[in-house]
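Please examine the sequence and the three-dimensional structure shown below before reading on.

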Amino acid sequence: MSAASDRRGTRTLVPGTPVDGRYRVARVLGHWSIGTAYLAHEHPGGAERALFVLPLAKGREAAWLDWMRAELLRVRQVKAPGLLAPLAGGNAAGIGGYSVVDRPRGGSLQQAVKQDGPLPGDRAVALVERLARIVAAAHAGGLVLGDLRPSTVLRPSDADEVSILDLGLARGLSGYLAQPPEPSPAYTSPARRAGGAPSVPDDVYALGALLFFVVTGVVPTVDADEGRRVVTPPSWVRPELGVSPYIDPVVLRAMAPRPEDRYRDVHEMVEALAGVREVFALPPAARELLGLPGGEGPFRREPTSPYLLHDMLGVPEGPPPFKGPFDTGDHQTLEIDASELEPSE
(Lines give C-alpha, C1' and ligand atoms only; values in the text may rest on other atoms or scores of the structure.)
Protein backbone atom coordinates (compact mmCIF):
# COMPACT_ATOMS: atom_id res chain seq x y z
CA MET A 1 0.00 0.00 0.00
CA SER A 2 1.57 3.30 -1.08
CA ALA A 3 -0.92 5.84 0.22
CA ALA A 4 -3.42 6.41 3.00
CA SER A 5 -5.94 9.08 3.93
CA ASP A 6 -5.41 11.27 6.98
CA ARG A 7 -8.21 12.55 9.21
CA ARG A 8 -8.88 15.41 6.77
CA GLY A 9 -9.22 13.09 3.80
CA THR A 10 -5.91 14.11 2.22
CA ARG A 11 -4.11 11.23 0.54
CA THR A 12 -0.74 10.76 2.21
CA LEU A 13 2.18 8.59 1.09
CA VAL A 14 3.05 5.99 3.69
CA PRO A 15 6.63 5.30 4.84
CA GLY A 16 8.52 3.15 2.37
CA THR A 17 6.71 4.45 -0.72
CA PRO A 18 9.17 4.64 -3.67
CA VAL A 19 9.12 7.71 -5.92
CA ASP A 20 10.55 7.41 -9.45
CA GLY A 21 12.85 4.60 -8.30
CA ARG A 22 15.21 7.16 -6.75
CA TYR A 23 13.55 8.28 -3.52
CA ARG A 24 11.88 6.43 -0.66
CA VAL A 25 9.45 8.22 1.63
CA ALA A 26 10.30 8.18 5.35
CA ARG A 27 7.60 10.38 6.93
CA VAL A 28 5.48 13.49 6.49
CA LEU A 29 7.17 16.83 7.17
CA GLY A 30 4.05 18.95 6.73
CA HIS A 31 0.93 19.72 4.73
CA TRP A 32 0.79 22.98 2.78
CA SER A 33 -1.79 24.54 0.52
CA ILE A 34 0.35 23.71 -2.52
CA GLY A 35 0.92 20.09 -1.50
CA THR A 36 2.60 17.83 1.04
CA ALA A 37 6.28 17.67 2.01
CA TYR A 38 7.93 14.39 2.97
CA LEU A 39 11.27 13.42 4.39
CA ALA A 40 12.71 11.03 1.82
CA HIS A 41 15.97 9.16 1.33
CA GLU A 42 17.74 9.35 -2.02
CA HIS A 43 19.35 6.24 -3.44
CA PRO A 44 22.13 5.43 -3.69
CA GLY A 45 23.67 6.84 -0.54
CA GLY A 46 20.52 7.51 1.48
CA ALA A 47 20.92 11.31 1.61
CA GLU A 48 17.99 13.02 3.34
CA ARG A 49 15.84 15.20 1.10
CA ALA A 50 12.53 17.03 1.32
CA LEU A 51 10.18 15.75 -1.38
CA PHE A 52 7.24 18.04 -2.17
CA VAL A 53 4.26 16.37 -3.86
CA LEU A 54 2.57 19.13 -5.86
CA PRO A 55 -0.92 18.56 -7.32
CA LEU A 56 -0.78 20.03 -10.82
CA ALA A 57 -3.47 21.89 -12.72
CA LYS A 58 -5.37 19.71 -15.18
CA GLY A 59 -3.72 19.58 -18.57
CA ARG A 60 -0.51 21.27 -17.37
CA GLU A 61 1.58 18.15 -16.78
CA ALA A 62 3.67 18.36 -19.98
CA ALA A 63 4.28 22.09 -19.59
CA TRP A 64 5.24 21.47 -15.95
CA LEU A 65 7.94 19.01 -17.03
CA ASP A 66 9.35 21.56 -19.49
CA TRP A 67 9.38 24.22 -16.76
CA MET A 68 11.04 21.89 -14.26
CA ARG A 69 13.81 21.01 -16.71
CA ALA A 70 14.48 24.70 -17.30
CA GLU A 71 14.34 25.42 -13.56
CA LEU A 72 16.87 22.72 -12.77
CA LEU A 73 19.23 24.21 -15.36
CA ARG A 74 18.79 27.66 -13.77
CA VAL A 75 19.44 26.38 -10.26
CA ARG A 76 22.45 24.36 -11.37
CA GLN A 77 24.30 27.59 -12.18
CA VAL A 78 23.86 28.92 -8.63
CA LYS A 79 26.30 28.46 -5.77
CA ALA A 80 24.48 29.89 -2.77
CA PRO A 81 24.96 27.92 0.46
CA GLY A 82 21.77 28.22 2.46
CA LEU A 83 19.45 28.33 -0.55
CA LEU A 84 17.13 25.31 -0.69
CA ALA A 85 16.16 25.25 -4.36
CA PRO A 86 15.04 22.28 -6.51
CA LEU A 87 17.61 19.52 -7.03
CA ALA A 88 15.26 17.27 -8.99
CA GLY A 89 11.62 17.00 -9.99
CA GLY A 90 9.16 15.52 -12.40
CA ASN A 91 6.01 13.42 -12.63
CA ALA A 92 5.81 10.09 -10.82
CA ALA A 93 3.25 7.38 -11.56
CA GLY A 94 0.43 7.44 -9.04
CA ILE A 95 1.80 10.53 -7.33
CA GLY A 96 1.93 13.38 -9.85
CA GLY A 97 4.24 16.35 -9.81
CA TYR A 98 7.06 16.45 -7.30
CA SER A 99 10.05 18.64 -6.46
CA VAL A 100 13.05 17.72 -4.31
CA VAL A 101 15.26 20.02 -2.20
CA ASP A 102 17.86 19.46 0.50
CA ARG A 103 16.24 18.64 3.81
CA PRO A 104 15.17 21.87 5.57
CA ARG A 105 16.41 22.34 9.14
CA GLY A 106 14.48 24.22 11.80
CA GLY A 107 11.15 25.98 11.79
CA SER A 108 10.13 29.07 9.88
CA LEU A 109 11.03 32.59 10.93
CA GLN A 110 7.29 33.25 10.98
CA GLN A 111 6.80 30.64 13.70
CA ALA A 112 9.87 31.72 15.66
CA VAL A 113 8.82 35.37 15.90
CA LYS A 114 5.25 34.41 16.73
CA GLN A 115 6.45 32.17 19.54
CA ASP A 116 9.42 34.11 20.95
CA GLY A 117 8.74 37.68 19.84
CA PRO A 118 10.98 40.06 17.85
CA LEU A 119 14.74 39.81 17.98
CA PRO A 120 16.98 42.43 19.61
CA GLY A 121 18.25 44.96 17.09
CA ASP A 122 21.76 43.55 16.80
CA ARG A 123 20.56 39.97 16.24
CA ALA A 124 17.88 41.08 13.78
CA VAL A 125 20.44 42.95 11.68
CA ALA A 126 22.89 40.03 11.76
CA LEU A 127 20.16 37.57 10.72
CA VAL A 128 18.97 39.66 7.76
CA GLU A 129 22.58 40.28 6.73
CA ARG A 130 23.06 36.50 6.48
CA LEU A 131 19.86 36.23 4.45
CA ALA A 132 21.02 39.05 2.18
CA ARG A 133 24.30 37.25 1.54
CA ILE A 134 22.40 34.13 0.44
CA VAL A 135 20.23 36.23 -1.88
CA ALA A 136 23.29 38.05 -3.26
CA ALA A 137 24.92 34.70 -4.08
CA ALA A 138 21.74 33.58 -5.86
CA HIS A 139 21.69 36.80 -7.88
CA ALA A 140 25.35 36.25 -8.82
CA GLY A 141 24.24 32.97 -10.39
CA GLY A 142 21.39 34.67 -12.25
CA LEU A 143 18.58 33.48 -9.96
CA VAL A 144 16.03 36.00 -8.63
CA LEU A 145 13.82 34.66 -5.83
CA GLY A 146 10.78 36.94 -5.96
CA ASP A 147 8.96 35.20 -3.10
CA LEU A 148 10.98 35.90 0.05
CA ARG A 149 8.86 36.01 3.23
CA PRO A 150 9.08 34.86 6.88
CA SER A 151 7.51 31.50 6.08
CA THR A 152 10.24 30.69 3.52
CA VAL A 153 13.08 31.56 5.91
CA LEU A 154 14.13 28.61 8.08
CA ARG A 155 16.03 29.01 11.30
CA PRO A 156 17.11 26.21 13.69
CA SER A 157 16.05 27.05 17.22
CA ASP A 158 19.52 26.42 18.69
CA ALA A 159 21.61 28.24 16.08
CA ASP A 160 21.91 31.51 14.20
CA GLU A 161 22.18 29.88 10.77
CA VAL A 162 19.40 30.59 8.33
CA SER A 163 18.31 29.10 5.04
CA ILE A 164 15.79 30.06 2.38
CA LEU A 165 13.31 27.59 0.91
CA ASP A 166 12.63 28.54 -2.71
CA LEU A 167 10.65 26.16 -4.91
CA GLY A 168 10.46 28.68 -7.75
CA LEU A 169 6.94 29.98 -7.15
CA ALA A 170 7.73 33.44 -8.51
CA ARG A 171 9.71 32.01 -11.43
CA GLY A 172 6.71 30.17 -12.84
CA LEU A 173 5.81 27.27 -10.54
CA SER A 174 2.54 28.92 -9.47
CA GLY A 175 1.24 28.71 -13.03
CA TYR A 176 1.28 24.89 -12.97
CA LEU A 177 -0.28 24.22 -9.57
CA ALA A 178 -3.84 23.11 -8.94
CA GLN A 179 -4.00 25.53 -5.98
CA PRO A 180 -1.59 28.37 -6.77
CA PRO A 181 -0.84 30.62 -3.80
CA GLU A 182 -1.23 34.37 -3.69
CA PRO A 183 1.89 36.52 -3.12
CA SER A 184 2.26 37.84 0.42
CA PRO A 185 1.42 41.58 0.03
CA ALA A 186 3.56 42.73 2.98
CA TYR A 187 6.74 41.33 1.41
CA THR A 188 5.92 41.99 -2.25
CA SER A 189 7.00 45.21 -3.94
CA PRO A 190 4.47 47.44 -5.74
CA ALA A 191 5.81 46.28 -9.12
CA ARG A 192 5.33 42.61 -8.24
CA ARG A 193 1.86 43.28 -6.89
CA ALA A 194 1.06 44.87 -10.24
CA GLY A 195 2.07 41.66 -12.02
CA GLY A 196 5.66 42.43 -13.00
CA ALA A 197 8.28 39.70 -13.40
CA PRO A 198 10.52 39.20 -10.34
CA SER A 199 13.63 41.37 -10.34
CA VAL A 200 16.58 42.24 -8.10
CA PRO A 201 14.83 45.35 -6.64
CA ASP A 202 11.93 43.10 -5.60
CA ASP A 203 14.25 40.92 -3.51
CA VAL A 204 15.78 44.06 -1.96
CA TYR A 205 12.27 45.19 -1.00
CA ALA A 206 11.49 41.81 0.59
CA LEU A 207 14.71 41.87 2.63
CA GLY A 208 13.78 45.29 3.99
CA ALA A 209 10.34 43.98 4.93
CA LEU A 210 11.91 40.98 6.66
CA LEU A 211 14.17 43.28 8.70
CA PHE A 212 11.10 45.28 9.71
CA PHE A 213 9.32 42.08 10.75
CA VAL A 214 12.07 40.48 12.82
CA VAL A 215 12.88 43.67 14.72
CA THR A 216 9.27 44.69 15.45
CA GLY A 217 7.31 41.44 15.47
CA VAL A 218 4.60 42.93 13.26
CA VAL A 219 3.94 42.75 9.55
CA PRO A 220 5.05 45.89 7.69
CA THR A 221 2.16 47.88 6.29
CA VAL A 222 2.20 50.59 3.64
CA ASP A 223 -0.76 52.84 2.84
CA ALA A 224 -2.88 51.80 -0.14
CA ASP A 225 -1.30 54.44 -2.37
CA GLU A 226 2.04 52.60 -2.61
CA GLY A 227 3.41 54.96 -5.21
CA ARG A 228 3.35 57.87 -2.76
CA ARG A 229 3.75 56.48 0.75
CA VAL A 230 6.64 54.92 2.62
CA VAL A 231 6.65 52.30 5.33
CA THR A 232 6.65 53.33 8.99
CA PRO A 233 10.14 53.43 10.56
CA PRO A 234 10.56 50.32 12.76
CA SER A 235 11.50 52.41 15.80
CA TRP A 236 8.08 54.08 15.64
CA VAL A 237 6.22 50.79 15.82
CA ARG A 238 7.96 49.32 18.86
CA PRO A 239 9.68 52.18 20.73
CA GLU A 240 9.60 50.19 23.98
CA LEU A 241 12.06 47.68 22.50
CA GLY A 242 14.79 50.28 22.23
CA VAL A 243 15.14 49.70 18.49
CA SER A 244 18.10 51.64 17.20
CA PRO A 245 17.17 54.46 14.80
CA TYR A 246 20.12 53.29 12.71
CA ILE A 247 17.96 50.40 11.49
CA ASP A 248 15.28 52.76 10.19
CA PRO A 249 17.18 54.14 7.16
CA VAL A 250 18.02 50.61 5.96
CA VAL A 251 14.37 49.55 6.04
CA LEU A 252 13.14 52.80 4.50
CA ARG A 253 15.57 52.63 1.62
CA ALA A 254 15.09 48.92 0.92
CA MET A 255 11.30 49.36 0.90
CA ALA A 256 11.21 52.57 -1.12
CA PRO A 257 8.18 52.52 -3.46
CA ARG A 258 10.31 53.29 -6.52
CA PRO A 259 12.92 50.63 -7.47
CA GLU A 260 15.48 53.30 -8.38
CA ASP A 261 15.42 54.61 -4.81
CA ARG A 262 16.29 51.25 -3.25
CA TYR A 263 19.76 49.81 -2.89
CA ARG A 264 21.26 49.26 -6.32
CA ASP A 265 21.74 45.57 -5.55
CA VAL A 266 21.78 43.23 -2.58
CA HIS A 267 25.56 43.62 -2.19
CA GLU A 268 25.03 47.30 -1.39
CA MET A 269 22.37 46.35 1.17
CA VAL A 270 24.76 43.81 2.72
CA GLU A 271 27.30 46.60 3.21
CA ALA A 272 24.69 48.78 4.91
CA LEU A 273 23.63 45.95 7.22
CA ALA A 274 27.25 45.15 8.06
CA GLY A 275 27.79 48.81 8.96
CA VAL A 276 24.79 48.80 11.31
CA ARG A 277 25.98 45.53 12.86
CA GLU A 278 29.35 47.16 13.57
CA VAL A 279 27.60 50.06 15.29
CA PHE A 280 25.90 47.60 17.61
CA ALA A 281 29.28 46.05 18.37
CA LEU A 282 30.74 49.34 19.64
CA PRO A 283 31.87 49.41 23.30
CA PRO A 284 29.42 50.87 25.85
CA ALA A 285 31.18 54.25 26.05
CA ALA A 286 30.99 54.75 22.28
CA ARG A 287 27.36 53.64 22.23
CA GLU A 288 26.56 56.14 24.95
CA LEU A 289 28.28 58.94 23.04
CA LEU A 290 26.22 58.18 19.94
CA GLY A 291 22.98 58.04 21.91
CA LEU A 292 22.29 54.39 21.11
CA PRO A 293 19.75 52.45 23.20
CA GLY A 294 21.03 51.69 26.68
CA GLY A 295 23.05 54.89 26.99
CA GLU A 296 22.30 58.36 28.32
CA GLY A 297 24.88 60.21 26.29
CA PRO A 298 24.90 63.95 25.52
CA PHE A 299 23.34 63.51 22.07
CA ARG A 300 19.59 63.01 21.84
CA ARG A 301 18.22 61.45 18.66
CA GLU A 302 14.99 62.72 17.19
CA PRO A 303 12.47 60.12 15.98
CA THR A 304 13.16 59.06 12.40
CA SER A 305 11.01 60.78 9.82
CA PRO A 306 9.14 58.34 7.57
CA TYR A 307 9.93 60.78 4.77
CA LEU A 308 13.65 60.35 5.19
CA LEU A 309 13.78 59.14 1.60
CA HIS A 310 11.85 62.18 0.45
CA ASP A 311 14.53 64.38 2.02
CA MET A 312 17.47 62.33 0.77
CA LEU A 313 16.32 60.90 -2.54
CA GLY A 314 13.35 62.94 -3.68
CA VAL A 315 10.65 60.34 -3.16
CA PRO A 316 7.25 61.94 -3.87
CA GLU A 317 5.72 63.09 -0.62
CA GLY A 318 2.15 62.38 0.38
CA PRO A 319 0.03 63.30 3.39
CA PRO A 320 1.26 61.64 6.62
CA PRO A 321 -0.55 58.32 7.08
CA PHE A 322 0.08 58.21 10.83
CA LYS A 323 -1.32 60.15 13.77
CA GLY A 324 1.90 60.53 15.72
CA PRO A 325 5.43 59.19 16.12
CA PHE A 326 4.41 56.41 18.48
CA ASP A 327 0.89 55.70 17.30
CA THR A 328 0.44 52.00 16.52
CA GLY A 329 -3.30 52.07 15.99
CA ASP A 330 -3.03 51.75 12.21
CA HIS A 331 -0.58 48.87 12.25
CA GLN A 332 -1.40 45.25 11.72
CA THR A 333 -0.61 43.04 14.70
CA LEU A 334 1.30 39.81 14.27
CA GLU A 335 -0.69 37.09 12.57
CA ILE A 336 0.30 33.81 11.01
CA ASP A 337 0.79 34.35 7.29
CA ALA A 338 -1.64 31.98 5.57
CA SER A 339 0.86 31.24 2.83
CA GLU A 340 1.51 28.08 0.96
CA LEU A 341 4.63 27.32 2.99
CA GLU A 342 3.15 27.46 6.52
CA PRO A 343 1.88 24.10 7.78
CA SER A 344 -1.90 24.03 8.11
CA GLU A 345 -3.56 23.17 11.39
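This report describes selected strands and helices of a predicted model.

## Strand β9 and its partners

Strand β9 covers residues 96-102 and is mostly covered, since five of its seven residues are buried. In general, the strands of a sheet pair through backbone hydrogen bonds, either parallel or antiparallel. With strand β6 (residues 47-54), β9 pairs in the antiparallel sense over six bridges. Within this pairing, L54 has G97 in β9 as its bridge partner.

Strand β8 (residues 88-92) is also joined to β9, by five bridges, and these two strands run antiparallel. Here G90 is matched with Y98 of β9 as its bridge partner. Together, β8 and β9 form a hairpin that has three residues between the strands. G94 lies in the turn and has a positive phi of about 80 degrees.

## A sheet of four strands

An open sheet of four strands is arranged in the order β7-β12-β11-β10, and its pairing is mixed. The edge strands are β7 (83-84) and β10 (107-108), each of which pairs on one side only. Strand β7 is joined by two bridges to strand β12 (residues 163-165), and the two run parallel. In β12, L165 is the bridge partner of L84.

Helix α3 (residues 121-140) packs on this sheet. The helix touches β7, β11 (153-155) and β12, and its direction makes about 55 degrees with that of β12.

## The contact of helices α7 and α8

How do the directions of α7 and α8 relate to each other: roughly parallel or roughly antiparallel? The axes of helix α7 (residues 247-254) and helix α8 (residues 266-280) come within 10 Å and cross at roughly 165 degrees. Angles over 145 degrees count as roughly antiparallel, and α7 and α8 are therefore roughly antiparallel to each other. Their crossing is left-handed.

Which residues form this contact? On the side of α7, I247, V250, R253 and A254 take part. They meet E268, M269, A272, L273, V276 and F280 in α8. By residue type, the contact of α7 with α8 divides into eight nonpolar residues, no polar ones and two charged ones.

## Summary

In this predicted model, β9 pairs with β6 over six bridges and with β8 over five. Helix α3 packs on the open sheet of four strands, while α7 and α8 are roughly antiparallel to each other.

How values were computed:
Residues numbered from 1 in each chain as written. Predicted model: local features only at pLDDT ≥ 70, side-chain atom pairs only at ≥ 80, totals over all residues. Heavy atoms only, no water. Axes fitted to C-alpha atoms, helices over the stretch in contact; angles between N-to-C directions. Parallel < 35°, antiparallel > 145°, perpendicular 65-115°, else oblique. Left-handed = near helix turned anticlockwise from the far one by under 90°. Contact = heavy atoms within 4.5 Å. Nonpolar A, V, L, I, M, F, W, Y, C, P; charged D, E, K, R; others polar. Pairing = 2+ DSSP bridges. Buried < 20%, exposed > 50% of the residue type's maximum accessible area, 1.4 Å probe, protein only.
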